[in-house]
Structures are given as structure tokens and as C-alpha cells.
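Visitor: I would like to learn how the words used for a protein structure are justified. Could we go through some of them one by one?

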Amino acid sequence: MLALLVPALLTGCTAGPSQRPAVVANDEQSRPPTTSFSRPLPLPPLTEPQSPSIAWSECSPQTLARFDPPPVSSSLPLSCATVMSVLDAPDLPGRVPTHVALLKAGNGPVPLVVVNDIEGEVGSAYATHLAAGLPPALLRRFSLIGVDRRGTGDSDPVGCVPPEVHGPLLSQDPAGTSIDDVLDAARRAGQQCAIDLGTAQLAIDSWRAAGDLEEIRAQLGTPTLNAIAHGEASRVLLAYAARFPGHLGRVVLDGIPDPSPDAATALTDLAGAQQATLAAFTRDCAARQCALGTDATGAVSALLDRLRAAPGSATGGGPFGPGLAANAIAIGLANPARWPELADAIQAARGGDLSKLMAFVSPLVNGSQLAPSRLDAAIATECNDNPVNLSSNQVSALADQLLRARFAPFGALVTERLAWCLPWPGHAGATPVPGNLALPPILVTSALADPVTPEPGTARAAQQLPSAVRVSWQGAGHAASASPCVADAVRGFLVDGKVPVDGTLCPA
């Protein structure tokens, strides 16, 4: 059966010609150049800003309240600003303004732009946490400029998904055999977003977010964009390289989404990476003698079975069953710094207190008019960036035949996200990998067990990027920069212009 399934998925996932509309920048149509080059460019020099136009001021309490744990030291200088960019909706290209919120962490003279995964904490918060953990030498040279990607944080946040739909989108039982409930929730989400956003719905994507970065670069007053992208946000910098190759500076991509058109391979790698991260968490838990004992994996399975028999209540009154719990655990696994907190939350949930576990998934489930759920912008961005869809039958077959049995409990969760985009009305098109351009070296980092952007997919993306130089950490978690070895390579690349040897391995 699997032998029949995979070719069908390959056929369903093959991208056709892009339907992405031309993007208007400075009254000119901006398209990626098509000229092929064989030699990479040298790494651009670092240049301090000349005549910057961004007005920085004290950050509001509302901005600081969005930060995920852990808390950030008050000694780190923070300031905030807003720049105006162009929405580029298909019916009004280049005519509608949009706000893009920034946060500057540190006082280094050279700006280093930071963008984060669309489902993770907003870029302003991520940049703050990143700055707190980077080598001091890097912060003496750079100030980190966290960007709230369009539709997130203070950047005209998208809040179009009905509140009662958030929970069902994340509640697929890992042991269940039907995606109908998730598909129904996704249909409601897509319909309401089409009504609320109109044609602006298609403007929430990585391609246009790259245009926001170009506006930020110009207002920062730098000739090139020096930047770090985390995970899925690498699509934004790849789009930037395709649209504005002459302005690309020193760039680090910490994990890249798998560009493979083979859904079976990509999702198997993703579910397998989540399983490997759970195994690493179990080993860490045993070594620390945490409350879960020596078998955290067994504790997770027992908790999901308990919630399957007797679901609890989530914030807002919805059911807290095994699907929501598995999603919360997957979110916690991505950040090793929160593993002690995750272990305590799982133990508390085993005793009936679900509040600590709910805290991990709450930013996706709960929201308000001023601070919408992260899920709204995530669905809009990820579905717009998705070039094609599988059918519901193909998604179900993939879960049944390949993922659910081999990768419990995470196999079903990765297919759940495919269902989100099945009824999404319209697609902007896939972000191209700029493999035919002359670019300076781009540092690509990866983790052996990355539960969000698995290492095999990052390696495939790097192979399509001729100027990529990859450094791999033999550890677990969704941030290779957590490794002192990787952090030192990043510092050398960004500060000293030292390009590491491609294929460098950093021990766990």
C-alpha cells in the first residue's frame, strides 16, 4: 500500500508554475534575476548606518508582556520603533501601507536583523532572548533588530480565525483515524479569513515579508542587510536573496524548511525528528532526576491515554484532550531551555493540573482583538507559502500508512497541519530558493534532532543554495545556536568574516 501511496503523494506535491503576482517596490516590478553565475561573491564588509531614519523609543509594557519564558535581564538595553512598508495586496499593489514593528536589543553599532518562525514568539521577543544568550563579542559589534513579521505582534496583527476554532485545529487525537474535525475547523478558518481580510489575505506571506526587510534595511541606513533567520523564517531571507541579491549582507539561517516536493519524505523526517527530540528529552530528564523519572516517553504516552479516556478543560472552556496535549509537548520539546518546565508541566498534568501544560500551547489557542492568537498569522503565512495541496484522502492515507503507527504520538500532528491548508482560499506560491544567483556565503546551521526544521530538510535546502556553508550541531532542539560551538562559528562569521568549513560538526 505504501508503494502506491508515495508516488501519488509525489504527483500531488509537484509544484507547477508560480501564480505569485509581481511585487511592486519603489514603483518598479521586482522579480528575481534569472542570470546564472558559477562563482560566489565575497562576504560583504560590515558597515555602520549612514543617515538612519528610524526613531527608537521606549518599548511599551504590552510589547514586553508578549515575551515567552525565560525572563530577560533588565540590564539588556531595549528600544522599539515602527516602520511603514507596503502591503502589496493583489488588487492594490504598492498602494496600501502596513506597519512593521521593530525592537532593538543592545547598543552595538551595526544592525543585525532577526526574524523568527511564524508559529513561535514574535520576532521582537525572539531577538531579545537571542541577544541574552549570544557571545558578548557579537553584541559589542551588533545590535539585534527583532522584526514582528507582517500579521504578527505589533505589525498589524491578523486576527481572522474564529476564537472557538483555534482549539479544534490543534485537537486531532494522535491515535485517531479521521481528520474530519480538523478539516471542518480549517474550513471555517479559511472562510472567515477570506471574509475579514479580502484580497489582503494573499499579502501575508514570506515573499512580501522580504519586501518589509528591504524597507527596514533602507531606513536603518545600511547598504546591505545583515540578518539571522530562525527555522521557517529562513523562507523570508531566501525570498530576500531572490528579490534583492545586491543588498544581501552576512546572513545566518538557523534551520530551513524542507524544499523537497516529496511529502512522504519530508513528513517522515519531521515526525522522526520529533521522536528523536522526545528521546533526548527523556535522557535529559533521567540525568537530571526530574519528576518524570527515567521514562519520560512512557509518562507522555500514559498522559495521552488518560486524557483520551477523560479529557480536561482548556482555557476558554474547550476540551483539553490528547491532541492539544501532544501539541503542547511538541512546542515544549523545541526549546531545551524550557525542558525542566515541560517536565514539571507533564507531571502536574498527570496529577490533574493541566494549567502548566496549557501554557505552552496557549499562545496558539487564546488571543484577543489587540493580541490575536499566533495561529491566525501562522495559518495565513504557511498556507500562502504552500504552493500546492494534497487532497484530504492523500493526507489521511499518509497518516494511516506511514506516520501514525511509526511515530506515535507525533506522526498524526504533522499531518494535522497539512489539513489546515486544504480549504484555504488561494495561494500566493512557494518561496524560491535562489540557486541561480551569485551570492555571498550564507551560513546554514542545523541540529541533529530539530523537531521543527529537521536536519535532512535543512541539508536538502543547503544543497540547492550554492553559496551555503553548513555547520551541524549533534544535539536536540530547534536552535543550533544554543550550542557554544555553533555560537562561536556564528560569531566568527558575523563579526570577523570568517567562513567556516562546509560540513563542520559540533558535538552535543
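Visitor: Is Phe 281 buried or exposed, and what relative accessible area does Phe 281 have?

Guide: Please keep in mind that this is a predicted model. The relative accessible area of Phe 281 is 0%, and the word buried applies under 20%, so Phe 281 is called buried.

Visitor: What makes the pair of Phe 281 and Trp 339 edge-to-face?

Guide: The ring centres of Phe 281 and Trp 339 are 5.7 Å apart, and a pair is counted when the centres lie within 6.5 Å. Their planes stand at 85°, and because the term edge-to-face is used for planes over 60 degrees apart, that is the name this pair receives. Trp 339, with a relative accessible area of 6%, is buried too.

Visitor: Which parts of the protein does the pair of Phe 281 and Trp 339 tie together?

Guide: Phe 281 belongs to helix 9 (residues 263–288) and Trp 339 to helix 12 (residues 339–350), so the pair links parts that are 58 residues apart in sequence.

Visitor: How many aromatic pairs does a search of the whole structure find?

Guide: The search finds two aromatic pairs. One of them is formed by Tyr 240 and Phe 244, with 5.1 Å from centre to centre and 50° between the planes. Stacked is reserved for planes under 30 degrees apart and edge-to-face for those over 60, so an angle of 50° leaves the name tilted. Tyr 240 has 0% relative accessibility and counts as buried, and Phe 244, at 11%, counts as buried as well.

Visitor: Why is helix 3 described as largely enclosed by the rest of the structure?

Guide: Nine of the eleven residues of helix 3 are buried, and therefore the helix is said to be largely enclosed. Among these buried residues are Tyr 126, His 129 and Leu 130. They pack against several elements, including strand 3, helix 4 (136–141) and strand 7. Helix 3 (residues 123–133) lies across five strands, namely strand 3, strand 4, strand 5, strand 6 and strand 7, and runs at about 150° to strand 6.

Visitor: What makes strand 3 and strand 13 edge strands?

Guide: They belong to an open sheet of nine strands with mixed pairing, in the order 3-4-6-5-7-8-11-12-13. Strand 3 (78–86) and strand 13 (504–506) each have a single partner strand, so one side of each has no neighbour in the sheet. Neighbouring strands of this sheet are turned by 20° against each other on average, with direction ignored.

Visitor: How do you know that strand 8 and strand 11 pair, and in which sense do they run?

Guide: Strand 8 (residues 248–254) and strand 11 (residues 442–449) share four bridges, and because at least two are needed for a pair, they count as paired, in the parallel sense. Val 251, for example, has Ile 442 of strand 11 as its bridge partner. Helix 8 (residues 234–243) lies across strand 7 and strand 8, at about 155° to strand 8.

Visitor: Why is the link between the side chains of His 230 and Asn 116 called a polar contact?

Guide: The two side chains come to 2.7 Å, and a polar contact is a suitable pair of N or O atoms within 3.5 Å, so the distance satisfies the cut-off. His 230 lies in strand 7 and, with a relative accessible area of 7%, is buried. The residues that His 230 touches include Tyr 126, Asp 254 and His 478.

Conventions: Residues numbered from 1 in each chain as written. Predicted model: local features only at pLDDT ≥ 70, side-chain atom pairs only at ≥ 80, totals over all residues. Heavy atoms only, no water. Helix = DSSP H or I, 4+ residues; strand = E, 2+ residues; numbered from the N terminus. Axes fitted to C-alpha atoms, helices over the stretch in contact; angles between N-to-C directions. Contact = heavy atoms within 4.5 Å. Phe/Tyr/Trp six-rings, centres within 6.5 Å; stacked < 30°, edge-to-face > 60°. Buried < 20%, exposed > 50% of the residue type's maximum accessible area, 1.4 Å probe, protein only. Polar contact = N/O pair within 3.5 Å; in protein donor to acceptor, adjacent residues only side chain to side chain. Lists of a residue's contacts leave out its neighbours within four places in sequence.
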